[in-house]
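Below is a short report on one protein chain. It moves from the chain as a whole to one helix, one loop residue and two pockets.

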Amino acid sequence: MKKRLLAVAVLTGISGAAAAQTVSVYGVIDAGVAYTNKSPTTAPNTGSLLGFQSNGESPSIFGLKGSEDIGGGTKVNMDLEGHFASGTGVGNQWGGLFGRQANVGVSGSFGNVTVGNQYSPAVLAFAATDPRGLKESFSGLMNWAFSQTPVQGGTSTGAVLNGAGNPVAAGYVYNDNSVIDVFLKNTISYSIQMPMGWMSKTDGLNLAVSYSLGGVAGSTQANRVIALGVTYSSPLILSLAYQAENGDGLAGASGTSNTKFSIGAGYALGTATVKINYLDNKGKNAGTGAEITHYKVIGLGADFKVSDLDTVTLAYYDGKNSDVNADTAKSLILSNDYSLSKRTTLYGLIAEVKAGSSVSGGSSAYNGDNFSAPPIAGQNAMALQLGLKHVF
């Protein structure tokens, strides 16, 4: 699926052994249209909205990946990955040219060590049992990514500034290392894949852990992120995810913690794969221990392989903020992916979201997408999508 750009054989002057280096370009272009019958961007929140969507199923990304064999079964690896909008060509989302990934590492029989900007191992484990596989629209991604306290990148009007110079309400978490809780900056991670063979020869257990250095003078706790992801893959799929992050503690912001925990399971039976997942996200004032938010989301669904080219997915998400009982959302999604080729997918989706009478912006209880979020309190909204995704 990846095109080789360069393959150079060089002699290592010290050992005289041959080392091969490869660099490849990869990416995704996702483009389509989306419609919602009730949009929060149209007063009084009842007007419909039809627009272009750059990420209906997958983010549009561009990346460079490289690997060098240094002998003895050991490789040096690098990855640079950025995000752009297919509708406009505008890039630099999530922190710059390579805001998604910018890392280097070493891999071998001992596992993988990666240093730099990278995906959280927790979110990758969460994706394994998310009913919609963390697709960009109407999946567990929205529940995971936009549920910091407040939302990462929030622009509350208070005078307190975080380390990045953005305004943030005093007493709330803001972590400069955690971008939408998916991409982790200044991070060191370790992962290892261990064949198990319990149910089949392809069974495997993957363990991954990461630590993001806070970089705040006088404190090893401020701005720190710890993440853990465990997955087991066979006909039976199991996942466990945990992520904990602290606010940067700068400019008068009090110590606040945000933690995520997820557990899930799936099973492949014939042409169907069934998945269930539970996500618990809690925000606390670290000084007083007072709970600020507590989101709980249950997702369940199934993929049905209609043919070698066609897959239908039915999914349901039920979420609530236990600190605000009326802050709830129930989402039902039916989607279809049709493979036009090995690299190109035509997709369509219909979804309905029923929001409670009190919905906080960016709430983890809400399940939706960037096009139609936030939900409209106390109303039902329907969304339609049609798009084309090409992987290169």
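Of the 392 residues in this predicted model, 45% count as buried. The chain folds into two helices and 19 strands. Its accessible surface is about 17800 Å², and carbon and sulfur atoms make up 63% of that. Among contacts with a separation of 6 or more, 57% join residues 24 or more positions apart.

**Helix H1**

Helix H1 covers residues 121–129. Seven of its nine residues are buried, so the rest of the structure largely encloses H1. The buried residues are Pro-121, Ala-122, Val-123, Ala-125, Phe-126, Ala-127 and Thr-129. At the start of H1, Ser-120 places a side-chain oxygen within 3.1 Å of the backbone nitrogen of Ala-122.

**Glu-57**

Glu-57 sits in a loop, with strand S3 (49–53) on one side and strand S4 (61–71) on the other. Is Glu-57 buried or exposed? Its relative accessibility is 7%, under the 20% cut-off, so Glu-57 counts as buried. Its side chain makes a polar contact of 3.2 Å with the side chain of Lys-389. Leaving out residues up to four places away in sequence, Glu-57 touches Asp-30, Lys-135, Glu-136, Asp-337, Thr-345, Tyr-347 and Lys-389.

**Two pockets**

Glu-57 is also one of the residues nearest the centre of the largest pocket, along with Ser-58, Pro-59, Leu-134 and Glu-136. Several elements give two or more residues to the lining of this pocket: strands S5 (74–83), S16 (310–321), S17 (324–339) and S19 (380–391), plus H1 and helix H2 (140–145).

In the second largest pocket, Thr-114, Gln-118, Leu-124, Ser-189 and Ser-191 lie nearest the centre. Here the elements giving two or more lining residues are S5, S6 (101–108), S7 (111–119), H1, S9 (183–195), S10 (204–212) and S11 (225–233). Strand S6 supplies the largest share of that lining, six residues.

The table sets out volume and lining for each pocket.

| Pocket | Volume | Lining residues | Lining by class |
|---|---|---|---|
| Largest pocket | about 880 Å³ | 44 residues | 21 nonpolar, twelve polar, eleven charged residues |
| Second largest pocket | about 560 Å³ | 26 residues | eleven nonpolar, 13 polar, two charged residues |

H1 gives two or more residues to the lining of the largest pocket, and H1 also gives two or more to that of the second largest pocket.

How values were computed. Residues are numbered from 1 along each chain as its sequence is written. This is a predicted model: local features need pLDDT of at least 70, side-chain atom pairs count only at pLDDT 80 or more; totals for chains, interfaces and linings use all residues. Side-chain values use heavy atoms; hydrogens and water are left out. Helices (H or I, at least four residues) and strands (E, at least two) are DSSP runs, numbered from the N terminus. Buried means under 20% relative accessible area, exposed over 50%, partly exposed in between (1.4 Å probe, protein chains only). Contact means heavy atoms within 4.5 Å. Accessible areas come from the Shrake-Rupley method with a 1.4 Å probe; for residues, only the protein chains shown count as cover. A polar contact is a pair of N or O atoms within 3.5 Å; within protein, one must be able to donate a hydrogen and the other to accept it, and residues adjacent in sequence count only if both atoms are side-chain atoms. On a 1 Å grid over the protein atoms alone, a cavity is a set of points where a 1.4 Å probe fits but cannot get out, and a pocket is an open set with protein on both sides within 12 Å along at least five of seven lines; lining residues have an atom within 4 Å of a point. Grid points are joined across faces, edges and corners, and a volume is the space filled by probe spheres set on the points. Ala, Val, Leu, Ile, Met, Phe, Trp, Tyr, Cys and Pro count as nonpolar, Asp, Glu, Lys and Arg as charged, and the others, Gly among them, as polar.
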